[in-house]
Amino acid sequence: MARKIIFEYGGVLDKYMGDGVMGLFGFESKAGECTGNAICAVAAALELKERFKDLQAKWIRIWEKHVPHTITIGLKCGINTGYAIVGNIGTKRRTQFTALGTTVNIASRLTDICDSGQIIVSATTKSKISNQFELKSLGILTELRNIHGPFEIFSVLKKKKNIS
């Protein structure tokens, strides 16, 4: 499901990471309805969030039959906009297509601090999407794990109505 949605919005599925995925937007041009890499990333995240609800309900029903305690699963999404090193990275024996850099690390840290069902974006991303999406300020963090500095963060609430 995640791969398909990311692709539909012009992104590429970088990798699966345990129970998570990493999508990349904007390093290559793709035809489609979505314009603006940050807008596409947030639109994909909102669709993932919506479609995840049915998947979540399905798996909870299945697990309830086999597991004696309550299991919760949730969707968390951190989005940051900026430059990254993107390409096949590794050695002659093994390479992996991926993205590296502070931009990627910040997105990962934002995901780490999300609540279930939450999409958190950086101020950089906010500056590119605020005319398309309703956002709520979550304040300023003074530090993300291993990344110093103040970071203003925002929660994406929904797509604004009457947007062309």
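Start by selecting Glu152, which you will find in strand β8 of this predicted model. Its relative accessible area is 37%, so Glu152 counts as partly exposed. Now show the residues around Glu152: leaving out those up to four places away in sequence, it touches Val121, Ser122, Ala123, Ser137, Gly139 and Ile140. For a distance to draw on screen, pick the C-alpha atoms of Glu152 and Lys126, which are separated by 9.6 Å. Along the chain these two residues are 26 residues apart.

Stay in the strand and move on to Ser155, which also lies in β8, a strand that covers residues 147-159. Is Ser155 buried or exposed? With a relative accessible area of 8%, Ser155 is buried, because that value falls under 20%. Colour its contacts next: Gln118, Ile119, Glu134, Leu135, Lys136 and Leu138 all touch Ser155, again not counting residues up to four places away in sequence.

Then go to Asn146, in the loop between β7 (133-144) and β8. Check its backbone: Asn146 has a positive phi of about 65 degrees although it is not a glycine. Its relative accessibility is 62%, so Asn146 counts as exposed.

Next stop, a pair of strands. Select β4, residues 85-90, together with β5; six bridges join the two, and they run antiparallel. A hairpin of four residues makes the connection from β4 to β5. To see one bridge, click on Asn88 and look across to β5, where its partner is Phe97. While you have a strand on screen, here is a useful habit for reading it: in a regular strand the side chains alternate between the two faces of the sheet.

Just off these strands, select Ala84, in the loop between β3 and β4. At 36% relative accessible area, Ala84 is partly exposed. Leaving aside neighbours within four places in sequence, Ala84 is in contact with Ala99, Leu100 and Val104. If you draw a line from Ala84 to Thr124, C-alpha to C-alpha, it spans 14 Å, while the two residues are 40 residues apart in sequence.

Now turn to helix α2 and show the side chains of Trp59 and Trp63, which both lie there, four residues apart, about one turn of the helix. The count of aromatic pairs comes to one. In that pair, the ring centres of Trp59 and Trp63 are 5.7 Å apart and their planes meet at 40 degrees, so the pair is tilted. Both residues are partly exposed: Trp59 has a relative accessible area of 33%, and Trp63 one of 26%.

Keep α2 selected for the last stop, the largest pocket, with a volume of about 1,600 Å³. Of the 50 residues that line it, the closest to its centre are Val21, Met22, Gly23, Cys77 and Gly78, so those are good ones to centre your view on. Which element gives the most to the lining? That is α2, with ten residues. To see more of the lining, show the elements that each supply at least two residues, among them α1 (2-8), β1 (11-17), β2 (20-25), β3 (77-79), β5 (95-100) and α3 (102-113). Finally, colour the lining by residue type: it divides into 29 nonpolar, 15 polar and six charged residues.

Key
Residues are numbered from 1 along each chain as its sequence is written. This is a predicted model: local features need pLDDT of at least 70, side-chain atom pairs count only at pLDDT 80 or more; totals for chains, interfaces and linings use all residues. Side-chain values use heavy atoms; hydrogens and water are left out. On a 1 Å grid over the protein atoms alone, a cavity is a set of points where a 1.4 Å probe fits but cannot get out, and a pocket is an open set with protein on both sides within 12 Å along at least five of seven lines; lining residues have an atom within 4 Å of a point. Grid points are joined across faces, edges and corners, and a volume is the space filled by probe spheres set on the points. Ala, Val, Leu, Ile, Met, Phe, Trp, Tyr, Cys and Pro count as nonpolar, Asp, Glu, Lys and Arg as charged, and the others, Gly among them, as polar. Buried means under 20% relative accessible area, exposed over 50%, partly exposed in between (1.4 Å probe, protein chains only). Contact means heavy atoms within 4.5 Å. Two strands pair if DSSP finds at least two bridges between them. Rings of Phe, Tyr and Trp (its six-membered ring) pair if their centres lie within 6.5 Å; planes under 30 degrees apart count as stacked, over 60 as edge-to-face and the rest as tilted.
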